[in-house]
Amino acid sequence: MTLPTITRSWVESANGHPDFPLQNLPLGVFSTQGSAPRSGVAIGEQIFDLEAALDAGLFEGQAQAAVQAARGGQLNAFFELGRPARVALRERLLELLGEGSSLRGKIEAQGAKLLPLAADCQMHLPAKINDYTDFYVGIEHAQNVGKLFRPDNPLLPNYKYVPIGYHGRASTIRTSGADVRRPKGQTLPAGQSEPTFGPCARLDYELELGIWIGQGNEMGEPIAIGDAAEHIAGFCLLNDWSARDIQAWEYQPLGPFLSKSFITSISPWVVTAEALEPFRQAQAPRPEGDPQPLPYLLDKRDQAAGGFDIELEVLLTTRTMREQGLPAHRLTLSNTRYMYWTVAQMVAHHSVNGCQLQAGDLFGSGTLSGPESGQFGSLLEITEGGKKPIELASGEVRKFLEDGDEIILRGRCSREGFASIGFGECRGTVQPAR
């Protein structure tokens, strides 16, 4: 796909917008005042109602088919159409919303709508998520956590051969703004030999990239690494909330269970693979001595342009900070370039045994920490398991999250000569256990 020559929009709030300029055009599902959910595109501080524009006759050909597939409050059928439909829709939206568009009058005259992004619109999950897989591709996080629990052997030998993941709980994925209810479960208190049951005391966030699957595959038919990028519809932010004390007791021998399944938060907008094209980069070279990926995971094009340069930020506010009008405290500033495996490698590995992926499936990247202090993607790493509390401007300290704390994830792409684009926010506030 060629990059757009149109750089400005007649929607004034889009020009210079930190997240949603004309160059982004992410898709989502929204409703207003109790209406049925429907598809839209974020443009500046507004939502362009795709279904109203379809009814107004503003689409034809592949773009029309794309919007028809996006009807009904779920983007699964649109994702299944693949890249040609996304490109056709994107090119038509650039024509409709670009500065000097001859179609502006038709948009306004025929009932297509631009709605306020924040005030009147409720966002929903973009697709029906049949399956959710959480990977572990942030090697800095894997090493940091490994040092806490296995100082002499922090990184297990399979890590550099296998894109490790586990099957998560799709039913408890929620969009930004949904409350996070503190979970209950079994924990093993220090020095004790028997577990107790009660509310989690070591609640944590995890900074991740979410990956939406586009076209799926037939059961028994692996997706080749060279084709894997074509099966990725778009991206979002993902917070894999984690109950560390429950996790420590349950995770051996089969891995996370109740410590992860109580909620996963995602940002509501799907930033398409096409919007991220200017921010692709070569996958970071493996350190000297690391094994090369096995042949089914190795592709020259993927190694040359399968990585992304996406800045990722985590902010914390407490109830006291909000009452005092204090700014949010930055916990983390990291980047997707610290991924040890590419998104295409995740897709290829997930399907290599014949596992069927379906449009609307969601992947999590795993926690994306950087190598330096200030780049760690979880409180477990930042506080070294609670040994080094964080001091806040309000005078409070935090080892792990307390009731009333809010975590905010943000993601942004910047490159010289290109408009910056963002993902919007992924927010969640901790509520007391029931």
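Start with Arg-412 and Asp-19: in this predicted model, their side chains meet in a salt bridge, with 2.6 Å from N to O. Arg-412 sits in strand E25 (residues 406–415) while Asp-19 is in the segment before E1, so this pair ties together parts of the chain that are 393 residues apart in sequence. Side chains of opposite charge can pair when their charged atoms come close. By the salt-bridge rule, the count comes to 23.

Now step back to the domains. The domain assignment splits the protein into domain 1 (12–124) and domain 2 (132–431). Their centres, taken over C-alpha atoms, are 29 Å apart. Domain 1 puts 27 residues into the contact, and domain 2 puts in 27 residues.

How much area do domain 1 and domain 2 bury between them? The figure is about 2,100 Å², with 58% of it on carbon and sulfur atoms. Over in domain 1, the residues that lose the most area to domain 2 are Asp-19, Phe-79 and Arg-86, which together make up 29% of what that side buries. So Asp-19, one of those three, is also the partner of Arg-412 in the salt bridge we began with.

What about charged and polar pairing at this boundary? The rule finds three salt bridges across the interface of domain 1 and domain 2. Elsewhere on your tour, have a look at Glu-274 and Arg-83, whose side chains meet in a salt bridge at 3.6 Å, N to O. Between domain 1 and domain 2, nine residue pairs are in polar contact, counting pairs with both residues at pLDDT 80 or more.

Which elements of domain 1 supply at least two residues each to the side that touches domain 2? They are strand E1 (27–32), strand E2 (38–43), helix H3 (76–81), helix H4 (83–97) and strand E5 (121–124). Sorted by class, that side of domain 1 has 14 nonpolar, eight polar and five charged residues.

Back in the segment before E1, you'll also find Asn-15. Its side chain reaches the backbone nitrogen of Ser-9 at 2.8 Å. Setting aside neighbours within four places in sequence, Asn-15 is in contact with Arg-8 and Ser-9.

Finally, turn to the record: an unreviewed UniProt entry lists residues 140–430 as "domain: Fumarylacetoacetase-like C-terminal". In the model, residues 140–430 are 14% helix and 30% strand, and the C-alpha atoms at the two ends of this stretch are 27 Å apart.

Methods. Residues numbered from 1 in each chain as written. Predicted model: local features only at pLDDT ≥ 70, side-chain atom pairs only at ≥ 80, totals over all residues. Heavy atoms only, no water. Domains from an automatic or database assignment. Contact = heavy atoms within 4.5 Å. Buried area = accessible area lost by both parts, 1.4 Å probe. Salt bridge = Lys/Arg side-chain N within 4 Å of Asp/Glu carboxyl O. Polar contact = N/O pair within 3.5 Å; in protein donor to acceptor, adjacent residues only side chain to side chain. Helix = DSSP H or I, 4+ residues; strand = E, 2+ residues; numbered from the N terminus. Nonpolar A, V, L, I, M, F, W, Y, C, P; charged D, E, K, R; others polar. UniProt positions renumbered as here; feature names shortened; annotations may be inferred.
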